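Thank you for making time for this. I would like to walk through one structure with you, slowly, and I suggest that you keep it open in front of you while I talk.

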Amino acid sequence: MVVGVIMQYLKDRRNRYRIARYQAWEGQLTDYLFKRGYERDGFGQVAWSDRWLFRDFLARYQSTIAGQESELLRELYLSMGIHTSLPGRLQDRDPKIRAQAAKEIAVFRLDEPAEHAPPPVTERPWRWKPGVRMEGYLDQVLPLLDDPVPFVAHTAALTLTRSRSLKYAEPVLAWVMREELYQRERLLRVLEGFGPTLLPWMKENLESPNQNPEPWILYALLAGSHRHRESLPRLLWLLEVPNVDLRASVLKALIILADPAVYPKVRSFASSPAWEIRTQVARALGVLGGPSAVPDLLPLMADPVYEVRRNAAQSLVDLGHSGVSALTWLANDPAADRFARDIARERLEWADERGHM
């Protein structure tokens with residue numbers, strides 16, 4: 001019990017010290033960034049024993065600041081020489097330290113050799129060259145993709161993708177495909193860091209979707225999240241692959257791209273035996289076809305799967321007057337399918353409550 005009390009006392013004392021230093025540095029940082037302090041006195045002295053604390057302080061603010069101030073903060077970090085400890089910290093036994101080091105490389109864009117660190121900002125004229133990068137530290141992050149601690153490998157993948165260098169596309173994609181802990185949506189956020197240039201690379205380097213459809217599912221979802229219209233021909237080609245998850249992912253991307261020219265192609269899947277595909281078709285028809293899609297949506301209102309009926313009804317609501325009129329007619333038709341009538345009434349009540357009518 002005594003040991004526990006002592007440990008808690010030491011922890012509280014460290015926290016109080018950290019808060020005190022942060023409060024002092026916040027004032028200095030405001031002067032440095034926004035009152036042209038970088039042209040006069042610089043940031044001020046930071047005790048050597050406080051550098052690890054100052055490193056975390058800067059990393060915390062770097063992710064919330066953009067433009068000139070972000071570049072100044074990066075140069076402040078480099079001028080303190082904190083980055084020279086990165087190679088050692090990337091191999092530290094503590095996973096938190098390894099992850100923090102990888103994160104710093106991404107946040108401060110340290111994909112450059114240490115000898116290229118700029119001189120203190122006060123000794124040279126202002127210059128800001130966004131997007132200028134060199135190589136170096138990222139190669140040392142690469143082994144962390146095989147780190148046994150999941151959050152370290154995840155941080156390493158994020159760091160590599162933020163470089164937007166397709167040199168790391170293959171190892172990062174291999175990590176994503178073997179990763180089982182994180183959900184697909186979170187892994188997708190990792191790949192999005194490469195930007196839309198990853199899509200042509202995937203198109204050229206992935207094996208056939210008939211042999212391995214999983215990477216192509218990510219391709220389809222990425223094409224949607226980047227709104228990459230140049231991928232439309234490949235998406236239509238993937239729609240022919242007889243894989244339910246792949247087709248459903250392609251349909252999600254087509255909904256986002258919203259090209260009316262693909263409507264006939266999408267409509268041909270309205271009678272698919274897979275409910276996952278019909279669910280996406282019910283959503284896509286309303287987006288791609290507009291009011292003219294009402295005749296194709298009405299049969300889906302009687303689908304045996306609730307998710308399909310719900311999406312078809314929602315598509316009709318989103319169409320406005322023509323869709324709501326079709327729902328009203330269906331809700332009041334005693335000869336209509338019972339499930340179709342119920343979902344029509346449900347959606348009309350939902351739309352009325354939210355003022356969508």
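Let me begin with a term: a residue is called buried when its relative accessible area is under 20%, exposed when that value is over 50%, and partly exposed in between. Please also keep in mind that what you see is a predicted model.

With that cut-off in hand, look at Phe57, which counts as buried because its relative accessibility is 0%. Trp25 is likewise buried, since its relative accessibility is 0%.

That brings me to the aromatic rings, where the count comes to eight aromatic pairs. One of them joins Trp25 and Phe57, whose ring centres lie 5.6 Å from each other with 55° between the planes, and this pair is classed as tilted. The two partners come from distant parts of the chain, with Trp25 in helix α1 and Phe57 in helix α2, which covers residues 51-62, and they are 32 residues apart. The pair also belongs to a wider group, in that Tyr22, Trp25, Phe54 and Phe57 form one aromatic cluster.

While we are at this spot, Arg18 deserves a glance: this residue lies in helix α1, which spans residues 2-34. Its C-alpha atom is separated by 9.5 Å from that of Phe57, although these positions lie 39 residues apart along the chain, counted as the distance in sequence. Arg18 has a relative accessibility of 30%, and therefore counts as partly exposed.

Now to Trp237, over the ring face of which Arg234 lies, at 4.5 Å from the ring centre. A comparable arrangement involves Arg338, which lies over the face of Phe339, here at 4.8 Å from the ring centre. As for how open Trp237 is, its relative accessible area of 43% places this residue among the partly exposed ones.

Let me turn next to the nonpolar interior. Which residues touch the most other members of the largest nonpolar core? Among its 111 residues, they are Phe54, Val172 and Met301. The largest share of this core is contributed by α11, with eight residues. If we take Val172 and leave aside residues up to four places away in sequence, the residues it touches are Leu145, Ala157, Leu160, Thr161, Val190, Leu191 and Phe194.

From there I move to charged groups. In general, side chains of opposite charge can pair when their charged atoms come close. In this model the count comes to 15 salt bridges. One of these is formed by Glu104 and Arg55, with the closest N and O atoms 3.1 Å apart. This bridge links distant parts of the chain, as Glu104 sits in helix α5, residues 95-107, while Arg55 sits in helix α2, 49 residues apart. Are these two partners buried or exposed? Glu104 counts as buried because its relative accessibility is 0%, and Arg55 is buried as well, with a relative accessible area of 13%. Both take part in a network of salt bridges that links Arg55, Asp56, Arg89 and Glu104.

A second bridge joins the side chains of Glu192 and Arg189, at 2.7 Å from N to O. Both residues lie in helix α9, residues 184-192, and they are three residues apart, about one turn of the helix. Glu192, at 21% relative accessibility, counts as partly exposed, and Arg189 is partly exposed too, with a relative accessible area of 40%.

A third bridge connects Glu240 with Lys265, and here the closest N and O atoms are 2.0 Å apart. Glu240 is in the loop between α12 and α13, whereas Lys265 is in helix α14, residues 263-267, so this pair links distant parts of the chain, 25 residues apart. Glu240 counts as partly exposed, with 44% relative accessibility, and Lys265 is partly exposed with a relative accessible area of 30%.

My last stop is Asp303, which is placed in the loop between α16 and α17. At 7% relative accessibility, Asp303 counts as buried. A polar contact of 2.6 Å joins its side chain to that of Arg278, and the side chain of Asp303 also reaches the backbone nitrogen of Val305, at 2.9 Å.

Conventions:
Residues are numbered from 1 along each chain as its sequence is written. This is a predicted model: local features need pLDDT of at least 70, side-chain atom pairs count only at pLDDT 80 or more; totals for chains, interfaces and linings use all residues. Side-chain values use heavy atoms; hydrogens and water are left out. Helices (H or I, at least four residues) and strands (E, at least two) are DSSP runs, numbered from the N terminus. Buried means under 20% relative accessible area, exposed over 50%, partly exposed in between (1.4 Å probe, protein chains only). Rings of Phe, Tyr and Trp (its six-membered ring) pair if their centres lie within 6.5 Å; planes under 30 degrees apart count as stacked, over 60 as edge-to-face and the rest as tilted. A charge sits over a ring if NZ of Lys or CZ of Arg is within 6 Å of the ring centre and within 35 degrees of the ring normal. A polar contact is a pair of N or O atoms within 3.5 Å; within protein, one must be able to donate a hydrogen and the other to accept it, and residues adjacent in sequence count only if both atoms are side-chain atoms. A nonpolar core is a set of buried Ala, Val, Leu, Ile, Met, Phe, Trp, Tyr and Cys residues joined through side-chain atoms within 4.5 Å. Contact means heavy atoms within 4.5 Å. A salt bridge is a side-chain nitrogen of Lys or Arg within 4 Å of a carboxyl oxygen of Asp or Glu.
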